[in-house]
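Colleague: I've just opened this one and don't know my way around yet. Could you walk me through it?

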Amino acid sequence: MASDYSTRRAGRKMLLDMADTPAVGIINPRGGSPFLLIGDHAGNAIPRALGTLGLSEGDRTRHIAWDIGVGALGAALAARLDAVFVRQTYSRLVIDCNRDPATTDAIPETSDGSAIPGNVGLGAAARDVRVTEVHAPYQAAIGAEIARRHEAGLATILVSLHSFTSALAGQGARPWDIGVLHDGGNDDFARALLAKLQAEPELVVGDNEPYRMDATDHTVPRHAFPALPYVELEIAQRRLGSDDEVAWWCERLAAVLVAV
């Protein structure tokens with residue numbers, strides 16, 4: 001491995017070194033459930049070569065950097081459902097894995113009022129190394145898992161886990177506890193799950209709220225459209241702040257996913 005690393009290092013500029021965590025983590029890799037869980041923004045790590053991206057600790061741990069609570073929820077659901085959970089390790093401020101890497105907003109220069117100094121004025125080579133070492137391995141891992149399941153004759157329903165902040169600059173109140181996102185493709189499962197959740201009186205459920213699944217989304221359309229059943233879930237971060245809340249969502253979502 002060290003020899004391979006040295007060869008690659010000599011051949012081109014690299015972002016991650018051997019002390020950095022791999023860009024993608026796979027929890028319960030041989031899970032037999034039909035649900036394939038993914039977390040585009042489950043981590044908030046920053047490669048050592050990028051320092052802090054010029055950000056304060058507060059910005060590196062708030063919602064602009066990651067989907068708070070999704071890493072814990074995905075791991076809990078993986079155990080509860082015997083499902084595979086493919087999760088991104090690095091902050092979406094390094095590169096947003098739910099964006100087309102060719103777009104400018106894949107590596108934002110600002111987010112919810114905070115400047116990202118380490119992302120300002122990046123050249124093509126600097127952008128490309130983030131795509132190659134962070135974005136591409138994550139997307140490849142999802143594609144490989146779908147292919148493995150297909151070859152094994154296993155059904156697959158893609159479940160994309162996200163969380164959202166209750167307050168975003170320039171927007172009104174966000175009253176939802178959970179949102180169900182869908183847009184074309186084989187969205188029968190997503191619509192059925194939406195109806196099941198809307199029937200629960202203690203939940204405020206958004207239909208394509210607080211975000212719409214649209215042309216900005218990358219991961220679900222890339223892997224699920226046109227035929228693979230899918231759903232993208234957005235859960236309020238104010239309801240994912242403790243182990244007990246994560247456990248509550250785990251049991252609730254496991255029940256409705258299986259029921260649908």
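**A walk through the model**

Modeller: Sure. Keep in mind that this is a predicted model. Ask away.

Colleague: Which residues does Asp-67 touch, leaving out those up to four places away in sequence?

Modeller: Start with its place: Asp-67 sits in the loop between α2 (57–61) and α3 (70–81). Leaving out residues up to four places away in sequence, the ones Asp-67 touches are His-41, Arg-92, Leu-161, His-162, Ser-163 and Gln-237.

Colleague: Is Asp-67 buried or exposed?

Modeller: The cut-off for buried is under 20% relative accessible area. Asp-67 has 1% relative accessibility, so it counts as buried.

Colleague: With which side chain, besides that of Arg-92, does the side chain of Asp-67 make a polar contact?

Modeller: The Arg-92 contact is a polar one between side chains, at 3.0 Å. The other polar contact, also listed at 3.0 Å, goes from the Asp-67 side chain to the side chain of His-162.

Colleague: What about the largest pocket: which strand gives the largest share of its lining?

Modeller: The space in that pocket is about 540 Å³. Its lining has 28 residues, and those nearest the centre are His-41, Arg-92, Asp-96, Arg-99 and Tyr-211. At least two lining residues come from each of β4 (110–111), β6 (157–164) and β9 (230–236). The largest share, 3 residues, is supplied by β6.

Colleague: How many charged residues are in the lining of the largest pocket?

Modeller: Let's split the lining by class. There are 7 nonpolar and 10 polar residues, and the charged ones number 11.

Colleague: Now helix α4. Which backbone nitrogen does the side chain of Glu-133 reach?

Modeller: Glu-133 is part of helix α4. Its relative accessibility is 8%, so Glu-133 counts as buried. At 2.9 Å, the Glu-133 side chain reaches the backbone nitrogen of Leu-15.

Colleague: And Glu-151, is that buried or exposed?

Modeller: Glu-151 belongs to helix α4 as well, which covers residues 124–151. Exposed means over 50% relative accessible area. With 71% relative accessibility, Glu-151 is therefore exposed.

Colleague: How far apart in space are Val-24 and Ile-142, C-alpha to C-alpha?

Modeller: Val-24 is in strand β1 (residues 24–27). Its contacts, leaving out residues up to four places away in sequence, include Pro-137, Tyr-138 and Ala-141. Along the chain, Val-24 and Ile-142 are 118 residues apart, and their C-alpha atoms are separated by 9.7 Å.

Colleague: I'd like to hear about the aromatic pairs. What is the arrangement of Phe-225 and Tyr-230?

Modeller: The whole structure has 3 aromatic pairs. In the pair of Phe-225 and Tyr-230, the centres are 5.3 Å apart and the planes make an angle of 55°, which is called tilted.

Colleague: Why is the pair of Trp-248 and Trp-249 called edge-to-face?

Modeller: Planes over 60 degrees apart count as edge-to-face. The ring centres of Trp-248 and Trp-249 are 5.0 Å apart and their planes are at 90°, so the pair is edge-to-face.

Colleague: Is Trp-249 buried or exposed?

Modeller: Its partner Trp-248 is partly exposed, with a relative accessible area of 29%. Trp-249 has a relative accessible area of 0%, so it is buried.

Colleague: Anything unusual in the backbone? Where is the cis proline that follows Glu-209?

Modeller: Most peptide bonds are trans. The bond from Glu-209 to Pro-210 is cis, with omega near 0°. Pro-210 lies in the loop between β8 (205–207) and α6 (219–224).

Colleague: What is omega for the cis peptide bond from Phe-225 to Pro-226?

Modeller: Pro-226 is placed in the loop between α6 and β9. The peptide bond leading to Pro-226 from Phe-225 is cis, with omega near 5°.

Colleague: Last one: what is the phi of Asp-112?

Modeller: Most residues other than glycine have a negative phi. Asp-112 lies in the loop between β4 and β5 (114–115). Asp-112 is not a glycine, yet its phi is positive, at about 45°.

Key:
Residues numbered from 1 in each chain as written. Predicted model: local features only at pLDDT ≥ 70, side-chain atom pairs only at ≥ 80, totals over all residues. Heavy atoms only, no water. Helix = DSSP H or I, 4+ residues; strand = E, 2+ residues; numbered from the N terminus. Buried < 20%, exposed > 50% of the residue type's maximum accessible area, 1.4 Å probe, protein only. Polar contact = N/O pair within 3.5 Å; in protein donor to acceptor, adjacent residues only side chain to side chain. Contact = heavy atoms within 4.5 Å. 1 Å grid on protein atoms, 1.4 Å probe; cavity = no way out; pocket = protein on both sides within 12 Å on 5 of 7 lines; lining within 4 Å. Points joined across faces, edges and corners; volume = space filled by probe spheres on them. Nonpolar A, V, L, I, M, F, W, Y, C, P; charged D, E, K, R; others polar. Phe/Tyr/Trp six-rings, centres within 6.5 Å; stacked < 30°, edge-to-face > 60°.
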